[in-house]
Amino acid sequence: MNELNLILLGPPGAGKGTQGARLRDDLGLPYLATGDLLREHRARETPLGVQAAGYMAAGRLVPDELVIALLLGEISERGKRGFLLDGFPRTPGQADALGAALLSESRELSAAVLVDVPDDALLERTTGRRQCPDGHLYHVVFDRPARAGVCDVDGKVLVQRDDDHAEIVRERLRVYHDCTAPLVDYYRARGLLLRVDGLRPADAVYASLREALAVPELAL
Ligand code: AMP
């Protein structure tokens with residue numbers, strides 16, 4: 001297989017966004033993050049954005065049929081020659097739909113990479129997260145910008161996502177364990193799971209991620 005079709009799996013706050021941005025830059029893969037796409041729809045007040053807003057604010061999952069249509073549309077527009085997915089699939093139904101859509105085009109997944117972080121570290125990581133409107137990510141303790149509250153890259157003001165407040169994060173973690181964690185076994189059973197320990201500095205996580213992906217059949 002010469003195209004690379006990757007999934008990033010892991011709980012909220014595991015560092016998928018940070019690692020995904022580096023993989024996107026290094027491998028030149030289209031980076032499709034359903035959370036970012038939904039936030040764009042919400043900001044533009046499209047019908048999908050309006051439908052999704054309530055679920056997102058509560059930390060619940062947007063219904064499968066909406067997210068599947070969104071993501072498969074993005075893959076056929078931007079991911080025809082490979083992709084990196086962040087935040088999708090989040091349920092076995094979404095995973096089945098993705099697998100079926102790829103199969104119908106004689107394509108397949110290359111790997112599902114689990115960025116593994118235990119729950120007790122996730123609350124601090126998530127509630128301390130800040131980002132600029134263009135998606136550059138920081139943390140108030142672990143990854144501070146040079147000037148407090150301002151993006152190093154483009155000078156824009158950093159904000160906290162409205163679903164990164166503690167009580168919403170707790171709900172997102174509950175939803176992760178109920179709905180998304182079963183995908184770890186789902187992809188392990190299909191021989192596609194790669195696990196990296198996400199509880200280390202971002203550079204170290206990235207080094208093991210690249211190492212994990214460099215298995216011969218992926219031919220990076
Ligand atoms: P994220 O940025 O990945 O943490 O996603 C933010 C929010 O968008 C989630 O809490 C969900 O409400 C919604 N969302 C993102 N991706 C999905 C998905 N694959 N399925 C259902 N809801 C999603």
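Let us start with one residue, Glu3: leaving out residues up to four places away in sequence, Glu3 touches Lys80, Arg81, Gly82, Arg107 and Ser110, where contact means heavy atoms within 4.5 Å. Before going further, please keep in mind that this is a predicted model, in which local features need pLDDT of at least 70 and side-chain atom pairs count only at pLDDT 80 or more, while totals for chains, interfaces and linings use all residues. Residues are numbered from 1 along each chain as its sequence is written, and side-chain values use heavy atoms, with hydrogens and water left out.

Where does Glu3 sit along the chain? Glu3 belongs to the segment before β1, the strand of residues 5-9. Names like β1 come from DSSP runs, numbered from the N terminus: helices are H or I runs of at least four residues, and strands are E runs of at least two. Glu3 counts as buried because its relative accessibility is 18%. Buried means under 20% relative accessible area, exposed means over 50%, and partly exposed lies in between, using a 1.4 Å probe and protein chains only.

Which side chains does Glu3 meet through polar contacts? One is the side chain of Asn5, at 2.6 Å, and another is the side chain of Arg107, at 2.7 Å. A polar contact is a pair of N or O atoms within 3.5 Å; within protein, one atom must be able to donate a hydrogen and the other to accept it, and residues adjacent in sequence count only if both atoms are side-chain atoms.

Now let us move over to Arg107. Arg107 is found in the loop between α5 and β4, and Arg107 counts as buried because its relative accessible area is 10%. The side chain of Arg107 also makes a polar contact with the side chain of Asn5, at 3.4 Å. In addition, a polar atom of the Arg107 side chain lies 2.7 Å from the backbone oxygen of Gly79. Setting aside neighbours within four places in sequence, the residues in contact with Arg107 include Glu3, Asn5, Ile75, Lys80 and Phe83. Lys80 shows how the chain folds back: Lys80 and Arg107 are 27 residues apart in sequence, and their C-alpha atoms are 9.6 Å apart in space.

The loop that holds Arg107 leads to β4, so have a look at that strand. Five of the six residues of β4 are buried, so this strand is largely enclosed by the rest of the structure. Strands pair if DSSP finds at least two bridges between them. β1 and β4 run parallel and are joined by four bridges; for instance, Leu6 has Ala111 in β4 as its bridge partner. β4 also runs parallel to β7, residues 193-197, with five bridges joining them. Here Ala112 stands opposite Leu193 in β7.

Next come the nonpolar cores. A nonpolar core is a set of buried Ala, Val, Leu, Ile, Met, Phe, Trp, Tyr and Cys residues joined through side-chain atoms within 4.5 Å. The largest one has 31 residues, and the members that touch the most others are Ile7, Leu9, Leu85, Leu98, Leu109 and Tyr187. Among the elements that give two or more residues to this core are β1, β3, β4 and α8. Helix α4 gives the most, with six residues. Apart from this core lies another, of 24 residues, including Ala14, Val115, Val169 and Ala212.

Finally, let us turn to charges. Side chains of opposite charge can pair when their charged atoms come close. The structure holds 20 salt bridges, each being a side-chain nitrogen of Lys or Arg within 4 Å of a carboxyl oxygen of Asp or Glu. One of them joins Arg22 and Asp203, whose closest N and O atoms are 2.7 Å apart. Because Arg22 lies in helix α1 and Asp203 in helix α9, the pair ties together parts that are 181 residues apart in sequence. Arg22 is partly exposed, at 29% relative accessibility, while Asp203 is exposed, at 56%.

Another salt bridge joins Arg172 and Asp163, at 3.9 Å from N to O. Are these two residues buried or exposed? Both Arg172 and Asp163 are buried. Through salt bridges that share partners, Arg129, Arg161, Asp163, Asp164 and Arg172 are joined into one network.
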